[in-house]
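Below is a short report on one protein chain. Please keep the model open while reading.

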Amino acid sequence: MSYLKASLQQDEKIVMIGKLHWIIYGRAILFLVLGAAVLWVEYAQFNSNKLVIQATAAVLGALFLVSFLHAWFIHWTTELAVTDRRVIYKRGFITRHTAEMNMEKIESVDVDQSVLGRMLGYGTIHVLGTGQGIEHLPRIAHPIELRNAITAK
């Protein structure tokens, strides 16, 4: 059972579930593209040392695999939801970090988006409450819609 479903109170309804953007796989995609380019060099036979090219491709393949699994694990262990009563954020697997804030305590919700973030539809959300706030929530897909779900009363 997910943390979100386990932590819902009686008659509490989920308004929106936030997701991490696919950009968290960016490093893995970069390693995959570089590895494909190195293999293309070998295939095109540019009179290069094949052993060096194959070793480089193998290293880039291993880096791709490690980066992909790391990003997938973060995606799998992160939960974010807006309910009709609070905002819930959970990350981690063995060591879990959770942050929850009641809707009555929320003063503002800020969204930061870079140019790339605006083009691809991701950003960082800052939920600010009375006295403190939930930590920064980076690389969130559709941050404006999530902000609107939090601020809508």
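The report moves from the overall fold to the sheet, the cores and one buried residue.

**Overall picture**

This is a predicted model. The protein has five helices and seven strands. From the N terminus on, the elements run α-β-α-α-β-β-β-β-α-β-β-α. The radius of gyration is 20 Å, whereas a compact globule of 153 residues would have one near 15 Å. Taken along the principal axes, the C-alpha atoms fill a box of roughly 70 × 35 × 25 Å.

Of the 153 residues, 35% count as buried. The accessible surface comes to about 9,900 Å². Carbon and sulfur atoms hold 61% of that surface. Among contacts with a separation of 6 or more, 52% join residues 24 or more positions apart.

**The four-stranded sheet**

Four strands make an open sheet in the order β1-β2-β3-β4, with antiparallel pairing. The edges are taken by β1 (14-18) and β4 (97-102). Each has a single partner strand, so one side of each is left without a neighbour in the sheet. On average, neighbouring strands are turned by 10 degrees against each other, direction ignored.

The table lists the strand pairs of this sheet.

| Pair | Sense | Bridges |
|---|---|---|
| β1 and β2 | antiparallel | four bridges |
| β2 and β3 | antiparallel | four bridges |
| β3 and β4 | antiparallel | six bridges |

Strands of a sheet pair through backbone hydrogen bonds, either parallel or antiparallel. Individual residues show the register. Between β1 and β2, Met 16 stands opposite Val 82, and the bridge partner of Ile 17 is Ala 81. Between β2 and β3, Glu 79 stands opposite Lys 90, and Val 82 has Val 87 as its bridge partner. Val 82 therefore appears in both pairings, opposite Met 16 in one and with Val 87 in the other. Between β3 and β4, Ile 88 stands opposite Glu 100.Two hairpins belong to this sheet. That of β2 and β3 has two residues between the strands. That of β3 and β4 has five. In the latter, Gly 92 takes a positive phi near 105 degrees.

**How the middle strands are covered**

Is β2 enclosed or open? Five of its five residues are buried, so β2 is largely enclosed by the rest of the structure. In a regular strand the side chains alternate between the two faces of the sheet. Both faces of β2 are covered. Glu 79, Ala 81 and Thr 83 lie on one side, Leu 80 and Val 82 on the other, and all are buried. Strand β3 is largely enclosed too, because five of its six residues are buried.

Which helix packs on the sheet? Helix α5 (residues 143-151) does, touching β1, β2 and β3. The direction of α5 makes about 155 degrees with that of β1.

**Nonpolar cores**

The largest nonpolar core has 21 residues. Ile 106 and Ile 150 have the most contacts inside it. The elements that give two or more residues to this core are β2, β3, β4, β5 (106-112), β6 (122-129), β7 (133-141) and α5.

What does Ile 106 contact, leaving aside its neighbours within four places in sequence? Its partners are Val 87, Met 101, Val 127, Leu 128, Gly 129 and Ile 150. The list thus includes Ile 150, the other residue with the most contacts inside the core.

Another core, of five residues, lies apart from the largest one. Phe 31, Ile 53, Ala 57 and Leu 60 are among its members.

**Ile 125, a buried residue in β6**

Ile 125 has its place in strand β6. The relative accessible area of Ile 125 is 0%, and buried means under 20%, so this residue counts as buried.

Which residues touch Ile 125, not counting those up to four places away in sequence? They are Val 109, Asp 110, Val 111, Glu 135, His 136, Leu 137, Ile 140, Pro 143 and Leu 146. Pro 143 is 18 residues from Ile 125 in sequence. In space, the two are 6.7 Å apart, C-alpha to C-alpha.

Note on methods: Residues are numbered from 1 along each chain as its sequence is written. This is a predicted model: local features need pLDDT of at least 70, side-chain atom pairs count only at pLDDT 80 or more; totals for chains, interfaces and linings use all residues. Side-chain values use heavy atoms; hydrogens and water are left out. Two strands pair if DSSP finds at least two bridges between them. Axes are lines fitted to C-alpha atoms, for helices over the stretch in contact, and angles run from 0 to 180 degrees between N-to-C directions. Contact means heavy atoms within 4.5 Å. A nonpolar core is a set of buried Ala, Val, Leu, Ile, Met, Phe, Trp, Tyr and Cys residues joined through side-chain atoms within 4.5 Å. Buried means under 20% relative accessible area, exposed over 50%, partly exposed in between (1.4 Å probe, protein chains only). The radius of gyration is taken over C-alpha atoms; the globule rule is 2.2 Å times the number of residues to the power 0.38. Accessible areas come from the Shrake-Rupley method with a 1.4 Å probe; for residues, only the protein chains shown count as cover.
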